[in-house]
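New to this one? Here is a quick tour to read alongside the model, sorted by topic.

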Amino acid sequence: MTAKQTAAYSGGGLLLLAWLASASGLVQQPPPVGEPQSPVETSGTTTLAADVQAQTLRLKTRLSAAPAPQQPFRNPFAFAKREAPPRRERSVREAPAGAELPTVPAPDQPAIDLVGLAENQGEKGLERTAIISALSGELFMVKEGELIAGRYRVKAIEKTAVELTDLISGTSRRLTLRE
């Protein structure tokens, strides 16, 4: 133990002893015996209680003559019942026998272009990758069987061209590499 710790413990012990010694010197004195204490009467309590009783009686008489609340004219949370409108019968017109049915135009094909081709000798043999650019700025690097923009599937990749199948119309589209 160091000198500082010894001094701290000694000082703390001395303070504790001094506190206990001072507490033992105090003696509790009983209250002086004298006249019995009686409650002090105030002048305003009887008049205050009478005023409160009078106000209570007036309030009860006024509330008994109050009008009853009226029922609301409408309920904003309930809707009126309505009858359903009568159903109309639809007639189906048939086209005349010689008339042509209108053709639905095919959706526009997005502007895509074959930018490049890459070949890689892998374990399965020669693998080709097509690099296709869309007008929207997207660049697709695809192999056979993969999708482009969720619309085209790569059918075949040749040395200078790519054949695509349109999944919407079912047609084929061929992209050739520019020289």
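Let's start with Leu175: leaving out residues up to four places away in sequence, Leu175 touches Ile112, Asp113, Leu114, Ile132, Thr160, Ala161, Val162 and Leu164. Keep in mind that this is a predicted model. From Leu175 we'll move on to the core, then the sheet, then the hairpins.

**Leu175 and its surroundings**

- You'll find Leu175 in strand 7, which covers residues 172-176.
- Leu175 counts as buried because its relative accessibility is 7%, and the cut-off for buried is under 20%.
- One of the residues Leu175 touches is Ile112; the two sit 63 residues apart along the chain, yet their C-alpha atoms are separated by 8.5 Å.
- Ile132 is another residue on the Leu175 contact list, and it leads us straight to the core.

**The nonpolar core**

- The largest nonpolar core has 14 residues, and the ones touching the most other members are Ile132, Ile148 and Leu164.
- Five strands each supply at least two residues of this core: strand 1 (112-122), strand 2 (125-134), strand 3 (139-142), strand 5 (152-157) and strand 6 (161-166).
- What does Ile132 touch, once its neighbours within four places in sequence are left aside? Its contacts are Ile112, Asp113, Leu114, Val115, Glu138, Leu139, Phe140, Val142, Ile148 and Leu175.
- Leu164 also turns up among the contacts of Leu175, while Ile148 is among those of Ile132.

**The three-stranded sheet**

- Three strands make up an open sheet in the order 1-2-3, and their pairing is antiparallel.
- Which strands are at the edges? They are strand 1 and strand 3, each of which pairs on one side only.
- Going from one strand to the next, the twist averages 20 degrees.
- Strand 1 and strand 2 run antiparallel and are joined by ten bridges.
- To spot this pairing on screen, look for Leu117, which stands opposite Ala130 in strand 2.
- A bit of background: strands of a sheet pair through backbone hydrogen bonds, and they can do so in a parallel or an antiparallel way.

**Strands 4, 5 and 6**

- Strand 4 (residues 147-148) runs antiparallel to strand 5, with two bridges joining them.
- Leu147 has Arg153 in strand 5 as its bridge partner.
- Strand 5 also pairs with strand 6, again in the antiparallel sense, and here there are five bridges.
- In that second pairing, Tyr152 is matched with Asp166 in strand 6.
- Strand 5 and strand 6 form a hairpin, with three residues between them.
- Strand 4 and strand 5 form a hairpin too, and it also has three residues between the strands.

**The loop between strand 4 and strand 5**

- Ala149 is in this loop, and its phi is positive, about 55 degrees, although it is not a glycine.
- Is Ala149 buried or exposed? Ala149 counts as exposed because its relative accessibility is 56%, and the cut-off for exposed is over 50%.
- Arg151 is found in the loop between strand 4 and strand 5 as well.
- Unlike Ala149, which is exposed, Arg151 counts as buried, because its relative accessibility is 10%.
- The side chains of Arg151 and Asp166 are joined by a polar contact of 3.0 Å. Asp166 is the residue we met above as the bridge partner of Tyr152.

Conventions: Residues numbered from 1 in each chain as written. Predicted model: local features only at pLDDT ≥ 70, side-chain atom pairs only at ≥ 80, totals over all residues. Heavy atoms only, no water. Core = buried A, V, L, I, M, F, W, Y, C linked by side-chain atoms within 4.5 Å. Buried < 20%, exposed > 50% of the residue type's maximum accessible area, 1.4 Å probe, protein only. Helix = DSSP H or I, 4+ residues; strand = E, 2+ residues; numbered from the N terminus. Contact = heavy atoms within 4.5 Å. Pairing = 2+ DSSP bridges. Axes fitted to C-alpha atoms, helices over the stretch in contact; angles between N-to-C directions. Polar contact = N/O pair within 3.5 Å; in protein donor to acceptor, adjacent residues only side chain to side chain.
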